Structures are given as structure tokens and as C-alpha cells.
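Let's walk through this structure together, one region at a time. Please have the sequence and the 3D view open as you read.

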Amino acid sequence: MAAPLAYSLIATDLDGTLLRGDDTLSDWSRAALERATAAGAQHLVVTGRPAPRVRPLLDDLGGRGLAVCGQGAQVYDAGAQRLLFSVTLDRELAETALGKIEAEVGQVYAAVDQDGVHGLTLIEPGYQMPHPTLPAVRVERRDDLWCEPISKVLLRHHTLSDDELATVARDVVGSLATVTMSGPGTVELQPCGVTKATGLALAAGFLGLSPSGAIAFGDMPNDIPMFDWAAHGVAMANAHPELKAVADEITTSNEDDGIAVVLERLFPAAIPRPAAAGQGLAARGPQ
């Protein structure tokens, strides 16, 4: 009789977690995930990137399953290339939230991720993309950001740190939106109540899986709800202190294949480390 799985669901963030800083997936991490899924575990990408920025990576992984995108606002079916679930951020709520934040800290620079499998990332004048490999379209004025339904707003400030901006935003936005910090230069507003945990719970429900069999990997405060939901949360060595404080375990960094280190222990039947360490598969610009 086969031994029971250590975990039936493996939930991984992308940036700063599964992917290296150059947007590549190492051969060892790929082999570790393939071994775990061959043993019967389900791998779910759970990311702040919207579905259009995740599709190329899922294609590279050979994934035909589900992915949680947009901080939980979207559940994407890679096989059918469609959204099983999506929720949008109301334009008036977004504009009101931005106004409240700017009343406290002065001008902020904004971008939006449009809803849908072909949605664009739009950036207003002055906004600098924190992740230069991701495509974006610059618009002439803020009003142009709202030309189509959006899943979230991304914010930057010219002097405040991410932690400072996120703290102010949470204080003044209230129930207008959920405020998250998902990476360097990435403070976000998304629909109220939407988190990675709500999206992950929905996707797990589609798959008939429960939190008791889930292990989650992440690096930023937006992964805290996912850690709260899963049975076991693993923070990367490069993770934000807030996430490390609630993690059940801390592994090595994303650059040092921290996910593979843990999966090799949990699914020990030989996950070969590649002979040419450091050679990886280009993710080709997902979020």
C-alpha cells in the first residue's frame, strides 16, 4: 500500500518564492514539483499577478489545472483558458480610496490590472513598474485607468516606503478595499474581503481539497492569509519579517531553491538536482 501523501495541496506564490529574481524557474524546483505532483499532490500557483501575466508560466510548466491570480480575485483554468471566478473592484470605491490616501500622504502614482484573461496592466504618468519584465501600457491621465473593469489598483509613493504606504492606506481605506503589500514597490488595493486565502479556498473547493492537507509557500505579507488557511506555512529566507513571524517553517531563499529543499524532504524519492546548477526555465513574463 502506498504511503499517504505528506500534503495533497502545494500552494506557491511566484515572485520572490517559486521564481528567481530574473523570472526563471530552476531545474531543481521544476523537478521537485514534478515529483510531488507525480506522487498525487496538486500544485496551485497563488499569485498577485493577474491571469494574463500567469498564462505563459503555466504553459511552460505544462500546467492544465487551476491557478489563483490577482491576490485571490481570479481563479483561472489553464486547460480551458478561462476564468472560473473573478471579482472586480468598483471604480468609485477605488477612486474614493485613492482620494483618502492622497489626502494623508500627498500624490501617489497608480496602475491597474484589468479583469479578464486578456486584461492589460495600465499605468498612469509617473508610475514605475516594480517588475520590469511585465508588460504595461502607459495612459495619459488617471481617468484612463478606469476604461474597463479592474481587479486591483497598484500604488507607489515617491518617498514613503512600502510598509509606510501600506500602513497609511489600511488606516484610511477601511472597508472600501483590501490593502496588501505583495513585493518591493507593490502596495495594492483589491476588492474588500478578497485575499489569497479566499481565492485558494475557492480553488481548493473546486478540486475537493481541504486546508488540512495544504502546505503554502510565500515571501510577503499578502501571503499571511494563505498561511492562516493552510495547515503548514513556509516562508522563504528572503521573506518579509511579518510573514516570517507567522510561518511554521523558514526555508532557504527563492534564489537557493527553497521550495525544492522542502519538497525533497516531504517527497523523498529521488528528486535529482540538475548537473548544471542555476540553469532554469524562463517564465517569459507572467505575474
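R141 is partly exposed, with a relative accessible area of 49%, in a model that, please keep in mind, is predicted. Its salt-bridge partner is D143, and the closest N and O atoms of the two are 3.3 Å apart. D143 also counts as partly exposed, at 40% relative accessibility. The limits behind these words are under 20% for buried and over 50% for exposed.

Now turn to a pair in another setting. D13 and K196 form a salt bridge whose closest N and O atoms are 2.9 Å apart. D13 sits in the loop between β1 (9-12) and β2 (24-26), while K196 belongs to helix α5 (residues 196-207), so this pair ties together parts that are 183 residues apart in sequence. Are the two residues buried or exposed? D13 has a relative accessible area of 4%, which makes it buried because the limit is under 20%. K196 is buried too, with a relative accessible area of 1%. The pair also has company: salt bridges with shared partners link D13, K196 and D223 into one network.

The loop between β1 and β2 also holds D23, whose partner R49 lies in the loop between β3 and α2, so this pair ties together parts that are 26 residues apart in sequence. The side chains of R49 and D23 meet in a salt bridge of 2.9 Å, N to O, and both residues are buried. Across the whole structure, a search finds 14 salt bridges.

With those links in mind, let's look at the sheets. Eight strands make up an open sheet with mixed pairing, in the order β6-β5-β4-β3-β1-β13-β14-β15. Why is one side of β6 and of β15 left without a neighbour in the sheet? β6 (82-86) and β15 (249-250) stand at the edges and each has a single partner strand, so no strand of the sheet flanks the other side. Further in, β4 (residues 66-69) and β5 (residues 74-77) run antiparallel and are joined by four bridges. One point to find in your viewer is L66, whose bridge partner in β5 is D77. Helix α2 (residues 51-61) packs on this sheet, where it touches β3 (42-46), β4, β5 and β6. The direction of α2 makes about 35° with that of β5.

Next comes the largest nonpolar core, which has 31 residues. Those that touch the most other members are I10, L58, Y76, I215, F217, L263 and F267. Two or more residues come from each of α1 (27-38), α2, β4, β13 (214-218) and α8 (258-266), and α8 gives the most, with five. F267 is a good residue to select: leaving aside neighbours within four places in sequence, its contacts are L5, Y7, I10, R35, A36, A39 and A41.

Two of the helices that contribute to this core also pack on each other. The axes of α1 and α8 lie 9 Å apart at an angle of about 35°, and their crossing is left-handed. On the α1 side the contact is made by W28, S29, A32 and L33, and on the α8 side by A260, V261, L263 and E264.

Let's move on to the other sheet. Six strands form this open sheet, again with mixed pairing, in the order β9-β8-β7-β10-β12-β11. Which strands are at its edges? They are β9 (137-138) and β11, each of which pairs on one side only. Strand β11 (residues 178-183) is nevertheless mostly covered, with six of its six residues buried.

β11 runs antiparallel to β12 (residues 186-190), and five bridges join the two; among the paired residues, T180 has E188 as its bridge partner in β12. Two residues lie between the strands of this hairpin, in which G185 takes a positive phi near 75°. β12 also pairs with β10 (residues 150-156), in the antiparallel sense over three bridges, and here V153 has L189 as its bridge partner in β12.

Two helices accompany these strands. Helix α3 (residues 91-105) lies across β7 (109-114), β10 and β12, running at about 15° to β10. Helix α4 (residues 162-173) lies across β10, β11 and β12, and runs at about 170° to β11.

How values were computed. Residues numbered from 1 in each chain as written. Predicted model: local features only at pLDDT ≥ 70, side-chain atom pairs only at ≥ 80, totals over all residues. Heavy atoms only, no water. Pairing = 2+ DSSP bridges. Contact = heavy atoms within 4.5 Å. Axes fitted to C-alpha atoms, helices over the stretch in contact; angles between N-to-C directions. Core = buried A, V, L, I, M, F, W, Y, C linked by side-chain atoms within 4.5 Å. Buried < 20%, exposed > 50% of the residue type's maximum accessible area, 1.4 Å probe, protein only. Salt bridge = Lys/Arg side-chain N within 4 Å of Asp/Glu carboxyl O. Left-handed = near helix turned anticlockwise from the far one by under 90°.
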